[in-house]
Amino acid sequence: MINKVSNAIKKEIRKRFEAGEDLKELAYEFRLSYGTLRNLSSKEKWQKGINSTLLYLQEVQKDVEQHLEEKEEIKGHYKNLHKSTLAYLIELERKKERPTNKGREDALRTRIATHRDGYQFAKELYSIMNSEEELDYKIKLAKYEAYKDEILVDEKEREIKLDSDLIDLKLKKIDLKTKEIKAKAYGVVVDE
């Protein structure tokens, strides 16, 4: 097991740990001792799963976008079916023809009913919304965006706090070094 950890590996481990992965599994995967990672995570104040909410929101957003694309594709399909049936009816009207026998008339009615039933089924299956439902959905989406922005602000504040903690740590190290130099100047032995 390796005890020294490069900055690139440390960043990767931290990112995955804060995304919710287990420290023991990461130690095994990167062939590092668990104690080293545990000490590193506690020293640098890593928090397990702190970014998991943000990652979850990103996955939800990607899923919603994919679902919206599917819905638009289905709506387009049924619009095309409706247009073709309408074009057929207009053509019959233009030629002053009506379906001449009962079989053709029934076929036309069946075709229209099938399109209507298929569209109703697709509405339920793909959650195709009317204008009122779509407005309600957009309100919920706006609330989601506000919640996501709130989480991102918290994430930025956490990054700023980590940066200030790092600066404080560096200042303390500098202060310690100056005290060691002064102590050596007075002949005091400093343990390393």
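This text follows helix 2 and its packing against helix 1, then turns to a residue in helix 4.

The model is predicted, so local features need pLDDT of at least 70 and side-chain atom pairs pLDDT 80 or more, while totals for chains, interfaces and linings use all residues. Residues are numbered from 1 along each chain as its sequence is written, and side-chain values use heavy atoms, without hydrogens and water.

Helix 2 spans residues 23–30; helices here are DSSP runs of H or I with at least four residues, numbered from the N terminus. Its buried residues are Leu23, Leu26 and Ala27, where buried means under 20% relative accessible area and exposed over 50% (1.4 Å probe, protein chains only). These three lie on the same side of helix 2 because they cover an arc of only 100° around the axis, taken from the directions from the helix axis to the C-beta atoms. Lys24, Glu25 and Tyr28, on the other side, are exposed. Helix 1 (7–18) and helix 3 (34–43) are among what covers the buried residues. Arg31 follows helix 2 and has a positive phi, near 55°.

The axes of helix 1 and helix 2 come within 10 Å and cross at roughly 150°, the axes being lines fitted to C-alpha atoms over the stretch in contact, with angles from 0 to 180 degrees between N-to-C directions. That makes the two helices roughly antiparallel, a term for angles over 145 degrees. In contact (heavy atoms within 4.5 Å) are Ile9, Glu12, Ile13, Arg16 and Phe17 of helix 1 with Leu23, Leu26, Glu29 and Phe30 of helix 2.

Thr85 lies in helix 4 (residues 52–94). Thr85 is buried, at 5% relative accessible area, and touches Arg111, Ile112 and His115, leaving aside residues up to four places away in sequence.

Methods: Angles under 35 degrees count as roughly parallel, over 145 as roughly antiparallel, 65 to 115 as roughly perpendicular and the rest as oblique.
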